[in-house]
Amino acid sequence: MALLNILHFPDPKLRTVAKPVTVFDPDLRQLVRDMFETMYEAPGIGLAATQVDRHIRLLVMDVSDQGNNPRCLINPEIIEADGEEEMDEGCLSVPGFYEKVRRAEHIRVRAKDDKGETIEFEAEGLEAVCIQHEMDHLDGKLFVDYLSTLKRNRIRSKLVKQKKQKASS
Ligand code: K1U
Ligand code: ZN
(Lines give C-alpha, C1' and ligand atoms only; values in the text may rest on other atoms or scores of the structure.)
(Ligands and ions follow the chains in the order given, each with its own letter.)
Protein backbone atom coordinates (compact mmCIF):
# COMPACT_ATOMS: atom_id res chain seq x y z
CA MET A 1 0.00 0.00 0.00
CA ALA A 2 1.13 3.58 -0.51
CA LEU A 3 0.23 7.05 0.64
CA LEU A 4 -0.44 9.26 -2.37
CA ASN A 5 0.40 12.96 -2.71
CA ILE A 6 -2.70 15.20 -2.55
CA LEU A 7 -2.72 18.19 -4.93
CA HIS A 8 -3.55 21.56 -3.38
CA PHE A 9 -5.57 24.49 -4.76
CA PRO A 10 -4.66 26.41 -6.95
CA ASP A 11 -2.80 23.58 -8.73
CA PRO A 12 -4.16 23.65 -12.33
CA LYS A 13 -4.16 19.81 -12.44
CA LEU A 14 -7.20 19.96 -10.12
CA ARG A 15 -9.09 21.47 -13.09
CA THR A 16 -8.67 18.35 -15.27
CA VAL A 17 -11.89 16.62 -16.34
CA ALA A 18 -11.48 12.90 -15.53
CA LYS A 19 -12.07 10.15 -18.11
CA PRO A 20 -14.39 7.16 -17.56
CA VAL A 21 -12.84 3.94 -16.27
CA THR A 22 -12.98 1.21 -18.92
CA VAL A 23 -10.68 -1.47 -17.46
CA PHE A 24 -11.41 -3.05 -14.05
CA ASP A 25 -8.11 -4.77 -13.34
CA PRO A 26 -5.75 -5.38 -10.37
CA ASP A 27 -3.99 -2.02 -11.02
CA LEU A 28 -7.31 -0.22 -10.54
CA ARG A 29 -7.99 -2.15 -7.31
CA GLN A 30 -4.48 -1.23 -6.05
CA LEU A 31 -5.20 2.46 -6.75
CA VAL A 32 -8.49 2.11 -4.82
CA ARG A 33 -6.62 0.61 -1.83
CA ASP A 34 -3.99 3.39 -1.95
CA MET A 35 -6.71 6.05 -2.13
CA PHE A 36 -8.48 4.60 0.92
CA GLU A 37 -5.19 4.54 2.83
CA THR A 38 -4.49 8.17 1.82
CA MET A 39 -8.03 9.30 2.75
CA TYR A 40 -8.03 7.61 6.19
CA GLU A 41 -4.53 8.90 6.97
CA ALA A 42 -5.32 12.54 5.99
CA PRO A 43 -7.93 12.19 7.64
CA GLY A 44 -10.87 12.81 5.34
CA ILE A 45 -14.29 11.38 4.53
CA GLY A 46 -13.78 11.33 0.77
CA LEU A 47 -11.13 11.47 -1.94
CA ALA A 48 -11.40 11.76 -5.72
CA ALA A 49 -8.77 10.34 -8.07
CA THR A 50 -8.25 13.87 -9.49
CA GLN A 51 -6.87 14.95 -6.10
CA VAL A 52 -4.07 12.38 -6.34
CA ASP A 53 -3.32 13.33 -9.97
CA ARG A 54 -5.08 10.31 -11.50
CA HIS A 55 -7.60 11.60 -14.00
CA ILE A 56 -10.14 8.78 -14.06
CA ARG A 57 -13.72 8.78 -12.74
CA LEU A 58 -13.10 7.12 -9.41
CA LEU A 59 -13.84 8.27 -5.86
CA VAL A 60 -13.63 6.71 -2.43
CA MET A 61 -15.51 7.75 0.68
CA ASP A 62 -16.43 6.77 4.24
CA VAL A 63 -18.83 9.06 6.08
CA SER A 64 -19.40 6.65 9.01
CA ASP A 65 -18.52 7.77 12.55
CA GLN A 66 -16.25 4.76 13.10
CA GLY A 67 -14.58 4.87 9.68
CA ASN A 68 -15.79 1.34 8.96
CA ASN A 69 -18.02 1.85 5.90
CA PRO A 70 -15.67 2.26 2.91
CA ARG A 71 -17.39 2.90 -0.40
CA CYS A 72 -15.77 3.09 -3.84
CA LEU A 73 -17.70 4.65 -6.75
CA ILE A 74 -16.48 4.32 -10.32
CA ASN A 75 -18.04 6.27 -13.22
CA PRO A 76 -20.66 7.67 -10.79
CA GLU A 77 -23.81 9.37 -12.11
CA ILE A 78 -26.54 11.22 -10.21
CA ILE A 79 -29.74 9.92 -11.77
CA GLU A 80 -32.19 11.76 -9.48
CA ALA A 81 -31.80 14.78 -7.21
CA ASP A 82 -34.23 16.74 -5.08
CA GLY A 83 -34.33 19.27 -2.26
CA GLU A 84 -31.62 21.67 -1.22
CA GLU A 85 -29.44 21.89 1.85
CA GLU A 86 -26.52 24.01 2.95
CA MET A 87 -23.64 22.36 4.78
CA ASP A 88 -20.11 23.29 5.82
CA GLU A 89 -17.61 21.65 3.48
CA GLY A 90 -13.89 21.14 3.71
CA CYS A 91 -11.48 19.70 1.17
CA LEU A 92 -8.14 17.95 1.50
CA SER A 93 -7.05 19.99 -1.55
CA VAL A 94 -7.99 23.25 0.22
CA PRO A 95 -6.56 22.51 3.69
CA GLY A 96 -7.72 24.59 6.65
CA PHE A 97 -10.80 26.17 5.04
CA TYR A 98 -14.45 25.29 5.69
CA GLU A 99 -17.33 27.12 3.99
CA LYS A 100 -21.06 26.60 3.49
CA VAL A 101 -22.15 25.19 0.12
CA ARG A 102 -25.72 24.59 -1.12
CA ARG A 103 -26.34 21.21 -2.76
CA ALA A 104 -29.13 18.72 -3.50
CA GLU A 105 -30.48 17.12 -0.30
CA HIS A 106 -31.41 13.67 -1.68
CA ILE A 107 -29.74 11.96 -4.60
CA ARG A 108 -29.97 8.60 -6.36
CA VAL A 109 -26.60 7.41 -7.60
CA ARG A 110 -25.60 4.82 -10.19
CA ALA A 111 -21.96 3.74 -10.33
CA LYS A 112 -19.74 0.70 -10.72
CA ASP A 113 -17.79 -0.95 -7.93
CA ASP A 114 -14.11 -1.92 -8.27
CA LYS A 115 -15.08 -5.20 -9.97
CA GLY A 116 -17.18 -3.43 -12.59
CA GLU A 117 -20.56 -4.42 -11.07
CA THR A 118 -23.28 -1.77 -11.29
CA ILE A 119 -24.56 -0.40 -7.98
CA GLU A 120 -27.46 1.96 -7.38
CA PHE A 121 -28.48 3.59 -4.10
CA GLU A 122 -30.03 6.66 -2.49
CA ALA A 123 -28.09 9.07 -0.31
CA GLU A 124 -28.95 12.05 1.85
CA GLY A 125 -27.27 14.31 4.42
CA LEU A 126 -23.48 14.17 4.67
CA GLU A 127 -23.26 11.16 2.34
CA ALA A 128 -25.11 13.03 -0.44
CA VAL A 129 -22.99 16.15 0.11
CA CYS A 130 -19.77 14.14 0.04
CA ILE A 131 -20.72 12.34 -3.21
CA GLN A 132 -21.58 15.65 -4.92
CA HIS A 133 -18.33 17.23 -3.66
CA GLU A 134 -16.22 14.30 -4.92
CA MET A 135 -18.05 14.15 -8.26
CA ASP A 136 -17.30 17.86 -8.72
CA HIS A 137 -13.58 17.01 -8.38
CA LEU A 138 -13.95 14.55 -11.30
CA ASP A 139 -15.23 17.49 -13.39
CA GLY A 140 -12.36 19.74 -12.29
CA LYS A 141 -14.54 21.72 -9.91
CA LEU A 142 -13.75 22.69 -6.30
CA PHE A 143 -16.03 23.82 -3.46
CA VAL A 144 -14.32 27.24 -3.53
CA ASP A 145 -15.93 27.76 -6.97
CA TYR A 146 -19.28 28.16 -5.15
CA LEU A 147 -17.89 31.06 -3.07
CA SER A 148 -17.58 34.72 -4.03
CA THR A 149 -14.55 35.70 -6.13
CA LEU A 150 -13.29 37.71 -3.16
CA LYS A 151 -13.41 34.70 -0.77
CA ARG A 152 -11.89 32.34 -3.36
CA ASN A 153 -9.03 34.76 -4.09
CA ARG A 154 -8.34 35.21 -0.36
CA ILE A 155 -8.11 31.42 0.08
CA ARG A 156 -5.88 31.14 -3.01
CA SER A 157 -3.49 33.85 -1.70
CA LYS A 158 -3.26 32.24 1.76
CA LEU A 159 -2.50 28.78 0.32
CA VAL A 160 0.09 30.17 -2.15
CA LYS A 161 1.76 32.06 0.75
CA GLN A 162 1.78 28.92 2.95
CA LYS A 163 3.34 26.89 0.12
CA LYS A 164 6.11 29.50 -0.36
CA GLN A 165 6.79 29.58 3.39
CA LYS A 166 7.02 25.77 3.53
CA ALA A 167 9.39 25.71 0.52
CA SER A 168 11.75 28.24 2.13
CA SER A 169 11.77 26.70 5.66
O1 K1U B 1 -11.01 16.64 -0.18
C2 K1U B 1 -12.02 15.97 -0.18
O3 K1U B 1 -12.68 15.86 -1.19
C4 K1U B 1 -12.42 15.28 1.09
C5 K1U B 1 -13.33 16.12 1.96
C6 K1U B 1 -14.76 15.65 1.73
C7 K1U B 1 -15.87 16.49 2.25
C8 K1U B 1 -15.88 16.98 3.53
C9 K1U B 1 -16.97 17.74 3.99
C10 K1U B 1 -18.02 17.97 3.18
C11 K1U B 1 -18.00 17.49 1.89
C12 K1U B 1 -16.93 16.74 1.43
C13 K1U B 1 -12.89 15.93 3.40
O14 K1U B 1 -12.90 14.86 3.90
S15 K1U B 1 -12.37 17.32 4.27
C16 K1U B 1 -12.01 16.68 5.89
C17 K1U B 1 -13.22 16.37 6.69
O18 K1U B 1 -14.32 16.78 6.37
C19 K1U B 1 -13.10 15.53 7.91
C20 K1U B 1 -11.89 15.17 8.41
C21 K1U B 1 -11.82 14.37 9.55
C22 K1U B 1 -12.94 13.95 10.18
C23 K1U B 1 -14.17 14.32 9.69
C24 K1U B 1 -14.25 15.11 8.56
ZN1 ZN C 1 -12.41 17.99 -1.99
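Good morning. The structure holds zero disulfides. I state this at the outset, and I add that what we are looking at is a predicted model. A disulfide is a covalent bond between the sulfur atoms of two cysteines. For C72, the closest cysteine sulfur belongs to C130, and at 13 Å it is too far away for a bond. C72 itself counts as buried, because its relative accessibility is 11%.

Another cysteine brings me to the metal site. Which protein residues serve as donors to the zinc ion, ligand 2? They are C91 through SG, H133 through NE2 and H137 through NE2, at distances of 2.0 to 2.3 Å from the ion. Along the chain, these donors follow the spacing C-x41-H-x3-H. C91 sits in the loop between strand 4 (85-89) and strand 5 (99-103), whereas H137 belongs to helix 2 (residues 125-138), so this pair ties together parts that lie 46 residues apart in sequence. Are these two donors buried or exposed? C91 is buried, with a relative accessible area of 9%, and H137 is buried as well, at 0% relative accessibility.

I turn next to ligand 1. There are 14 residues around this ligand, and those that come nearest are I45, G46, Q51, L92 and E134. Several polar approaches can be described. A backbone N or O atom of I45 lies 2.7 Å from an oxygen atom of ligand 1. In the side chain of E134, an N or O atom is 2.7 Å from an oxygen atom of the ligand. H133, one of the zinc donors, places a polar side-chain atom 3.1 Å from an oxygen atom of ligand 1. Taken alone, ligand 1 exposes 530 Å², and the protein buries 80% of that.

I45 and G46 also appear in the surroundings of M61, a residue of strand 2 (residues 58-61). Setting aside neighbours within four places in sequence, M61 is in contact with F36, M39, I45, G46, N69, P70, R71, L73, E127, C130 and I131. M61 counts as buried because its relative accessibility is 1%. By way of a distance across the model, M61 and K100 are 39 residues apart in sequence and 20 Å apart in space, C-alpha to C-alpha.

Finally, the backbone. Most residues other than glycine have a negative phi, and most peptide bonds are trans. Where does this model contain cis peptide bonds? One joins F9 and P10, with omega at about 10 degrees; P10 is found in the segment before helix 1 (26-41). Another joins A42 and P43, with omega at about -10 degrees, and P43 is placed in the loop between helix 1 and strand 1 (46-48).

As for phi, D53 is a residue other than glycine with a positive value, near 65 degrees. D53 lies in the loop between strand 1 and strand 2, and its relative accessibility of 34% makes it partly exposed. N75, also not a glycine, has a positive phi of about 50 degrees. N75 is located in strand 3 (residues 71-82) and counts as buried, at 18% relative accessibility, because the limit for that class is under 20%.

To close, I would direct your attention to H133, which is a donor to the zinc ion and has a polar side-chain atom 3.1 Å from an oxygen atom of ligand 1. Thank you.

Notes:
Residues numbered from 1 in each chain as written. Chains lettered and ligands numbered in written order. Predicted model: local features only at pLDDT ≥ 70, side-chain atom pairs only at ≥ 80, totals over all residues. Heavy atoms only, no water. Helix = DSSP H or I, 4+ residues; strand = E, 2+ residues; numbered from the N terminus. Buried < 20%, exposed > 50% of the residue type's maximum accessible area, 1.4 Å probe, protein only. Contact = heavy atoms within 4.5 Å. Donors = N, O, S within 2.8 Å, 3.2 Å for Na, K, Ca; no water. Disulfide = S-S within 2.5 Å. Near = heavy atom within 4 Å. Polar contact = N/O pair within 3.5 Å; in protein donor to acceptor, adjacent residues only side chain to side chain. Areas by Shrake-Rupley, 256 points an atom, 1.4 Å probe, with all protein chains shown as cover.
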